[in-house]
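Subject: Structure for you, with notes on helix packing

Hello,

Here is the structure I said I would pass on. My notes on its helices follow below it.

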Amino acid sequence: MKHVKTINPATLKDTVKKGGCGECQTSCQSACKTSCTVGNQSCENNN
Amino acid sequence: MIHQYKNNGLNIVIDVNSGAIHVVDDIVYDVIEIYEENDRDTIISKLENKYVNEEIIEVLDEIQELIDAKQLFTADEYEPLIKAFNQRQPVVKALCLHIAHDCNLGCMYCFAEEGEYHGRRALMSLEVGMKAIDFVIKNSGSRKNIEIDFFGGEPLMNFDVVKEIVRYGREQEKIHNKLFRFTITTNGVLLDDEIKDFINKEMNNVVLSIDGRKEVNDKMRPTRNKKGSYDLIIDKFIDLAESRNQDKYYVRGTFTHHNTDFSEDVLHLAELGFKQISVEPVVAEDNEDYALKISDLPKLYEEYDKLALEMIKRHGTENDFNFFHYMVDLKQGPCVYKRLSGCGSGTEYLAVTPWGDLYPCHQFVGIDEYLMGNVDDGITRDDIKEEFMGCSVYTKEKCKNCWAKFYCSGGCVANSYKFKGDLNETYDLGCDLQKKRIECAIMIKSSLSQI
């Protein structure tokens with residue numbers, strides 16, 4: 001495309017299929033303890 | 001839903017419901033702004049004084065291409081999913097163990113009120129700690145990874161018990177096919193080589209509390225006899241970070257109204273060689289002199305921008321560092337279920353007091369109406385669990401139409417309760433800062449991808 005550079009393709013909908021396993025980290029344990037930042041975590045489902 | 005903004009010379013467009021992120025030129029940016037309310041001809045006539053027609057048409061075609069690829073103006077189809085997801089039987093997979101309701105510092109902003117959580121001073125016994133391990137094993141279903149955070153007060157004031165709980169956990173994880181990930185949060189005052197070696201052997205993560213510059217740290221983090229704590233801890237923190245190869249730890253600070261120039265504190269920590277840094281806004285009642293105010297926001301936004309630019313400048317050099325709130329995993333981030341349901345407090349994540357009571361999270365400890373049970377009897381208040389499980393971005397009116405909902409997942413419920421008395425409300429100042437951080441985090445990724 002001439003006018004658009006896509007930094008990240010649409011990925012959210014794809015996660016519906018394999019998501020919800022719950023093996024990911026609990027967000028508050030990492031560092032914050034006062035502010036919820038779920039979006040900075042990583043998925044741990046490698047299947 | 002679209003969120004578009006300009007930062008560091010980039011025009012950034014987020015398609016909220018798909019998670020797609022685009023960097024666009026000025027024409028696309030202007031067209032997207034009016035795209036939904038206008039037809040093709042109207043868009044051309046509205047912009048023909050600014051751009052040539054052929055270019056506008058070209059842009060309209062590219063936008064249509066993105067729409068067809070489901071990367072722009074996508075619909076929110078997730079609300080039914082969360083209802084189904086909430087029908088599940090949740091498991092407990094993380095505990096915050098309040099190993100000591102006591103502290104050797106008297107930090108002004110501590111939500112535990114100098115470690116005591118509105119209650120009495122107490123240390124967790126090994127017996128309670130072992131029961132907590134048994135409780136989480138019993139309630140974690142088939143989940144393998146279990147997180148245990150040693151929290152306080154100051155956990156090093158009860159470190160012998162920490163060691164014994166870890167030993168017991170290691171023994172039990174083999175029997176029950178679990179993997180415990182231990183973390184510890186400490187102010188560092190009692191840190192010594194023996195403790196350091198134990199932490200490095202057993203702790204998946206360690207959070208080292210320090211606010212940044214000496215004068216900033218010492219104003220808010222005094223000892224009990226009102227002296228500064230910086231000189232007591234700084235060399236030990238530098239040593240610990242090095243001994244962990246600058247990984248799997250955070251130096252974690254709090255900024256307040258007294259240091260709205262907090263980027264200087266982040267950079268101070270970076271200058272000392274720390275590579276994993278988290279400096280976060282204080283959460284405080286309005287009547288506290290150190291509480292952040294709405295009028296601080298322009299300065300705080302400026303500071304976040306300044307920090308983001310500095311990180312881009314340092315990227316890939318020996319002076320680079322990681323800032324916790326600018327971490328965003330665009331490609332392999334959490335699934336939509338996780339993003340919708342939030343931090344897991346009250347369901348997957350519970351806090352355990354020194355005497356074994358269970359609360360939805362560390363910030364609810366000491367609030368009687370949220371006492372959920374104890375390590376002997378388990379959860380006796382299923383209604384509290386259900387109240388937390390029912391919370392999602394779709395039950396919070398302000399979140400439903402917010403572009404940031406899939407990044408913050410509705411924010412911290414403890415903050416909502418603290419400021420509005422309602423889990424389904426929002427802590428507005430926190431939301432404003434959160435949104436700015438997400439914009440900066442995405443701008444950093446976008447800028448680095450242009451290089």
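In this predicted model, helix α11 (residues 297-314) of chain B and helix α17 (residues 428-450) of chain B have axes that come within 10 Å and cross at roughly 25°. Angles under 35 degrees count as roughly parallel, and α11(B) and α17(B) are therefore roughly parallel to each other. Their crossing is right-handed.

On the α11(B) side, the contact consists of B:L297, B:L300, B:Y301, B:Y304, B:D305, B:A308, B:L309 and B:I312. These meet B:L429, B:D432, B:L433, B:K436, B:R437, B:C440, B:M443, B:I444, B:S447 and B:L448 of α17(B). By class, the residues of this contact are 13 nonpolar, one polar and four charged.

A second helix pair is in the same chain, B: helix α1 (residues 26-35) and helix α3 (residues 53-68). Their axes also come within 10 Å, but cross at roughly 65°, which makes α1(B) roughly perpendicular to α3(B). The crossing of α1(B) past α3(B) is right-handed. From α1(B), the contact takes in B:I27, B:V28, B:V31, B:I32 and B:Y35; from α3(B), it takes in B:E55, B:V59, B:L60, B:I63, B:Q64 and B:I67. Nine residues of the contact between α1(B) and α3(B) are nonpolar, one is polar and one is charged.

Helix α2 (residues 40-47) of chain B belongs with that pair, since α1 and α3 of chain B are among the elements that cover its buried residues. Which residues of α2(B) are buried? They are B:I43, B:I44 and B:L47. Viewed down the axis of α2(B), the buried residues fall within an arc of 100°, so they line one face of the helix. B:D41 and B:K46, on the other side of α2(B), are exposed.

The last item is helix α16 (residues 413-420) of chain B, where B:V413, B:A414, B:N415, B:S416 and B:Y417 are buried. The buried residues of α16(B) pack against α13 (382-389) of chain B. Just after α16(B) comes B:G421, with a positive phi of about 70°.

To recap the two crossings: α11(B) with α17(B) is roughly parallel, and α1(B) with α3(B) is roughly perpendicular.

Regards

Note on methods: Residues numbered from 1 in each chain as written. Chains lettered and ligands numbered in written order. Predicted model: local features only at pLDDT ≥ 70, side-chain atom pairs only at ≥ 80, totals over all residues. Heavy atoms only, no water. Axes fitted to C-alpha atoms, helices over the stretch in contact; angles between N-to-C directions. Helix = DSSP H or I, 4+ residues; strand = E, 2+ residues; numbered from the N terminus. Parallel < 35°, antiparallel > 145°, perpendicular 65-115°, else oblique. Left-handed = near helix turned anticlockwise from the far one by under 90°. Contact = heavy atoms within 4.5 Å. Nonpolar A, V, L, I, M, F, W, Y, C, P; charged D, E, K, R; others polar. Buried < 20%, exposed > 50% of the residue type's maximum accessible area, 1.4 Å probe, protein only. Arc of directions from axis to C-beta.
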